[in-house]
Amino acid sequence: MPPFQLAIVGAGPRGICVLERLSANAPEFLGGRRLVVHLIDPFPPGPGRVWRYDQSPFLRMNSMPEDVTMFTDETVLIDGPVRPGPSLSEWARRVRSGKLAVDVPADVREELAGLAPTSFPTRRLQSVYLDWVYRKVLAELPDGVEVIEHRARAIGLTGDPVQRVWLEGRAEPLHADAVLLTVGHLDAGPDAAAAGLAGFAERHGLGYYPAGYTADVDYSAVRPGETVLVRGFGLAFVDLMLLLTQGRGGRFVEQDCGGLRYEPSGAEPVLHVGSRRGVPYHAKTGYRLRGEPLRLPRFFDSYTVEKLTALPGPLDFRTDVWPHLAKEIAWGYYTELFTGHPDRVRMDWAVFADAFADSRWDSAELRDLIRRAVPAEADRLDLERLDRPLAGLRFGSAEEFGKHLREYVEADLARRADPEFSADLGAFMAFLSVLPPLAALVGTGRLGADSQVSDVDGWWHGFFSYYASGPPPRRLEELLALHEAGVVSFLGAEMRVRADAEHGVFEGSSASFPGTVRATTLIEARLPEPSVQRATDKILRELRDAGELAEEAVLDPATGARLPSGRIHTRVDDSRLLDANGNPHPRRFAVGPHTSARSAAAFTRPRRNALPLRQNDAVAREILRLAVLP
């Protein structure tokens, strides 16, 4: 038989992980038939676009080396063979010891030499690791499997059954038996609101930067000393903050009394940052769990998902799902508090755990139990206050609010560095534990439209990121130093932006204090929301316009309307692309965070039975089955 030709469009971490799973599973399926995998990406295979080495050395990961792996292990429940490999931390240790021969660029050798399991590496060092992973996968390919790199952008996909993949700058297409799109986050053009702001900026000679991947945006037109409004206080803002300060020649200096001082270069703008919450993401914790091993998930597991899907009618997230999620997070928190810090509670853990399990979430009974068992209010988990720390607070001036927010950030840094508050890490682990069962629940299609689009993809994703996916602590120390230097100003919660035609400027305000800020530049510091309709990728647009790729839409049973989620519509169990009529394509697949499967990051934490690794194995086996069809 002729070789089975597979085209993988996107050779970043997710594409390489699927390649590894194809390699591991190939001997079971191919039976002597050859497999040729075409890796298509203008960026280097392994790192891809996001983790390419060619980016600012000031940009860092928000994950620790011990929490980053590309490989399966004994905890990953898959049908294919497990092939372990080193985490980023283990890889660094082996490279330093000489057990692995890796050509490490001079720019990151010093960082590699001092890398600890709990450091926060530069993205450049992660790029070197991902490049090594790719080369390891190539070196371990079984006989009969070949990989061909195409450093080009895929711009079209046609044909049936033979798939023709058109590449930028090439007259003839690649011919393939199957195609896998590992699309990552979708780049999307501006929505109506952003287009209006962009038009206003063009008419008045202002600067407007819509949502985008910060490392790819050219901010050189932002002038020194210019007043800039920044909407968004998450990880994209952290990157922006560094690029416009340290990236322009400023420097942070360690002070003898502790903390940092910022020495400006004079090239910085003045950033007025606000958001819906008005506060930055929580810093990552700097300690370990001290109590008994957590048994998670306990209240939101596969059994709970089965019970929920058995309920009649569509599920409401806030009423039917959130109580289970909240109880799981609280269970992780209080398990660590009671077993790791027994001197701060007034009840035996076994007694509390039984009463907690029998109580409905947020009931008077449960609140009374917690009050009796946990005497200090600071030790009680308040999810509403965590979600909206500035709710109900109003200050007389920007200066008063700035002082309050400084104290908030300082308290967060202190708490995240103090092992006495390791219960916060218990909550963090519980947050992680509910992601797979929640993805399974969404995949059943039982959530109501608004619950899925507004609550799961909207509020829940934002709350999870804010609590569990924050920056390294040093980034918040740098934020405080920049505020002290007058380079960053805090605008507050419920940030509002208005196009002020009378004065020809952008105007920003918030619910935190009276007054406005007028600015000549507005930056949206966030990734664009997923949108197949506004996708800028040419291959996705053409497939969409031909009806061969659809945007996932969820039916609202109350109105009969369908609400678009923005995601590429795929069949969750095998990742096949669904067309405009809901029909699965026999030879086209897609995986990534902006598909119906809603998988998380491309790489994962070791020994967590990570959902992306399971999806990678499943789609690899589904593709290999095509190779043996008559």
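**Close-up views of a predicted model**

**View 1. Helix α6, a helix largely enclosed by the rest of the structure.** Because 8 of the 9 residues of helix α6 (residues 235-243) are buried, this helix is largely enclosed by the rest of the structure, and the reader should keep in mind throughout that the model shown is a predicted one. The buried residues of α6 are A236, F237, V238, D239, L240, M241, L242 and L243.

**View 2. Helix α7, with a buried side and an exposed side.** Within helix α7, which spans residues 302-309, the buried residues T304, V305 and L308 may be picked out. They lie on the same side of α7, because the arc they cover around the axis is only 100 degrees. On the other side of this helix, S302, Y303 and E306 are exposed. Among the parts of the structure that cover the buried residues of α7 are α8 and α14, the latter made up of residues 435-443.

**View 3. The surroundings of H272 in strand β12.** H272 belongs to strand β12, which runs over residues 270-274. Its relative accessibility is 14%, and H272 therefore counts as buried, the limit being under 20%. Leaving aside residues up to four places away in sequence, H272 touches T227, V228, L229 and V230, and it also touches S489, L491 and V517.

**View 4. P105 in the loop between α2 and α3.** The loop that holds P105 lies between α2 (88-97) and α3 (106-113). P105 has a relative accessible area of 28%, so this residue is partly exposed rather than buried, a class that begins where buried, under 20%, ends. When residues up to four places away in sequence are not counted, P105 touches Y53 and V128. As a guide to distance in this view, the C-alpha atoms of P105 and V147 are separated by 25 Å, and these two residues are 42 residues apart along the chain.

**View 5. The largest cavity and the residues that line it.** Rolling a probe the size of a water molecule over the atoms shows where empty space is left. In this structure there is 1 cavity of 30 Å³ or more, and the space in the largest cavity comes to about 50 Å³. The lining of the largest cavity is formed by H282, A283, K284, T285, R416, D424, F428, Y467, A468, S469 and G470. Two or more of the lining residues come from each of the elements α13 (423-433) and α15 (449-468). By class, the lining of the largest cavity is divided into 4 nonpolar, 4 polar and 3 charged residues.

**View 6. The second largest pocket.** About 1100 Å³ of space is found in the second largest pocket. Its lining consists of 31 residues, and those that lie nearest the centre of the pocket are R380, L381, D382, L383 and R385. At least two lining residues are supplied by each of α8 (317-340), α10 (364-373), α11 (383-387), α12 (398-417) and α15. Sorted by class, the lining of the second largest pocket has 16 nonpolar residues and 14 charged residues, with 1 polar residue besides.

**View 7. D457 and its salt bridges to R567 and R598.** Side chains of opposite charge can pair when their charged atoms come close. D457 forms a salt bridge with R567, in which the closest N and O atoms are 3.3 Å apart. Because D457 lies in helix α15 and R567 in strand β19 (residues 562-568), the pair ties together parts that are 110 residues apart in sequence. D457 and R567 are both buried. D457 also forms a salt bridge with R598, where the closest N and O atoms are 2.9 Å apart. This pair links distant parts of the chain, 141 residues apart, since R598 is in the loop between β21 (584-591) and α18 (611-627) while D457 is in helix α15. R598, like D457, is buried.

**View 8. Other salt bridges of the structure.** A search of the whole structure finds 49 salt bridges. One of them joins R21 to E20, with the closest N and O atoms 2.8 Å apart. Both R21 and E20 are buried.

Technical notes: Residues are numbered from 1 along each chain as its sequence is written. This is a predicted model: local features need pLDDT of at least 70, side-chain atom pairs count only at pLDDT 80 or more; totals for chains, interfaces and linings use all residues. Side-chain values use heavy atoms; hydrogens and water are left out. On a 1 Å grid over the protein atoms alone, a cavity is a set of points where a 1.4 Å probe fits but cannot get out, and a pocket is an open set with protein on both sides within 12 Å along at least five of seven lines; lining residues have an atom within 4 Å of a point. Grid points are joined across faces, edges and corners, and a volume is the space filled by probe spheres set on the points. Helices (H or I, at least four residues) and strands (E, at least two) are DSSP runs, numbered from the N terminus. Ala, Val, Leu, Ile, Met, Phe, Trp, Tyr, Cys and Pro count as nonpolar, Asp, Glu, Lys and Arg as charged, and the others, Gly among them, as polar. Buried means under 20% relative accessible area, exposed over 50%, partly exposed in between (1.4 Å probe, protein chains only). Contact means heavy atoms within 4.5 Å. The arc is that of the directions from the helix axis to the C-beta atoms. A salt bridge is a side-chain nitrogen of Lys or Arg within 4 Å of a carboxyl oxygen of Asp or Glu.
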